[in-house]
Amino acid sequence: MKLLAVTGLLAITLVSVEDEIAIGRQANAQVQKQVPAFSDAQTLNYLRGIGQRLVRHAPGPKYPYSFSAADYREINAFALPGGPIWIHRGVLHKATSESQVAGVMAHEIAHIAQRHAAAQLTNATLTNWGLTLLGSVLGNSGGAGAAQIAAGFLANGVFLKFSRDDEREADRVGLDIMRRAGWDGRGMVDLFDILRRESARDPGSVEVFFSSHPPPQDRIARLQAEVSRRPGGTRDTKQFQQIKARLVKMPPPRAMPRQ
Ligand SMILES: [Zn+2]
């Protein structure tokens with residue numbers, strides 16, 4: 001990890017793309033231990049197919065993007081630094097069209113592509129851990145340092161919380177990615193609408209999402225005009241409906257443990 005300390009209150013961290021990828025790999029190994037993976041091959045192939053199509057239109061560095069599914073019922077998804085993306089099975093149960101799923105995934109890809117985690121690693125290191133950690137990072141570059149950082153950030157849930165500006169940017173860039181990849185941008189707005197309705201009907205199912213994301217009303221309002229200006233693209237596919245039909249025949253996804 002390269003750190004460039006400038007005087008006093010001003011300090012800039014330069015986390016290289018390679019560092020980010022190394023930290024994300026370590027974090028992902030931890031997530032794999034903590035989160036029940038949903039490993040149905042057809043579902044994973046389906047999600048990865050959408051993911052790879054989206055990634056081809058992502059700006060920024062060529063990250064090794066990967067897509068995993070968590071066997072949780074809550075509507076949520078999250079991105080780790082440098083490539084790993086997790087989608088809760090609940091997204092597939094609650095979404096009514098493929099473009100909604102593509103919207104969620106494009107949003108997460110945008111967080112990675114825009115390097116939000118790198119900025120976050122800088123801020124969190126400086127504000128929460130201060131100079132002791134900075135020193136240990138400097139003196140401990142490479143794998144061990146990355147592992148330590150990843151463990152610390154995961155334990156604090158830092159990876160799951162982006163700033164409002166980052167969220168806004170991920171919506172905007174995500175919308176652009178999904179459209180370029182051929183999906184109807186209305187899918188993103190539609191999913192926020194589902195989240196809004198679910199929060200009234202079953203607050204528990206969206207609680208995790210709201211703890212890490214701005215309220216959907218704000219996001220709908222911002223995206224709606226842009227989306228209706230340029231309609232078009234795939235809204236749904238037979239394949240998505242087949243996956244949904246397949247999922248409901250399986251044992252239901254579990255509830256996420258309360259933190
Ligand atoms: Zn987000």
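## Terms and basis

A residue is called buried when its relative accessible area is under 20%, exposed when that area is over 50%, and partly exposed in between, with a 1.4 Å probe and protein chains only. The structure is a predicted model, in which local features need pLDDT of at least 70 and side-chain atom pairs count only at pLDDT 80 or more, while totals for chains, interfaces and linings use all residues. Residues are numbered from 1 along each chain as its sequence is written, and side-chain values use heavy atoms, with hydrogens and water left out.

## Salt bridges within helix H8

A salt bridge here is a side-chain nitrogen of Lys or Arg within 4 Å of a carboxyl oxygen of Asp or Glu, and the count by this rule is 18. One of these pairs is Asp193 with Arg196, whose closest N and O atoms are 2.5 Å apart; the two residues lie three apart in helix H8, and are therefore separated by about one helical turn. Asp193 is partly exposed at 23% relative accessibility, and Arg196 is also partly exposed, at 36%.

Arg201 pairs with Glu198 at a closest N to O distance of 3.2 Å, and these residues, too, are three apart in helix H8, about one helical turn. Arg201 is exposed, with a relative accessible area of 59%, whereas Glu198 is buried at 8%.

## A link between helices

Glu198 also forms a salt bridge with Lys94, the closest N and O atoms being 3.3 Å apart. This pair joins distant parts of the chain, since Lys94 belongs to helix H3 (residues 89-94) and Glu198 to helix H8 (residues 186-201), 104 residues apart; helices are DSSP runs of H or I with at least four residues, numbered from the N terminus. Lys94 is partly exposed, at 24% relative accessibility.
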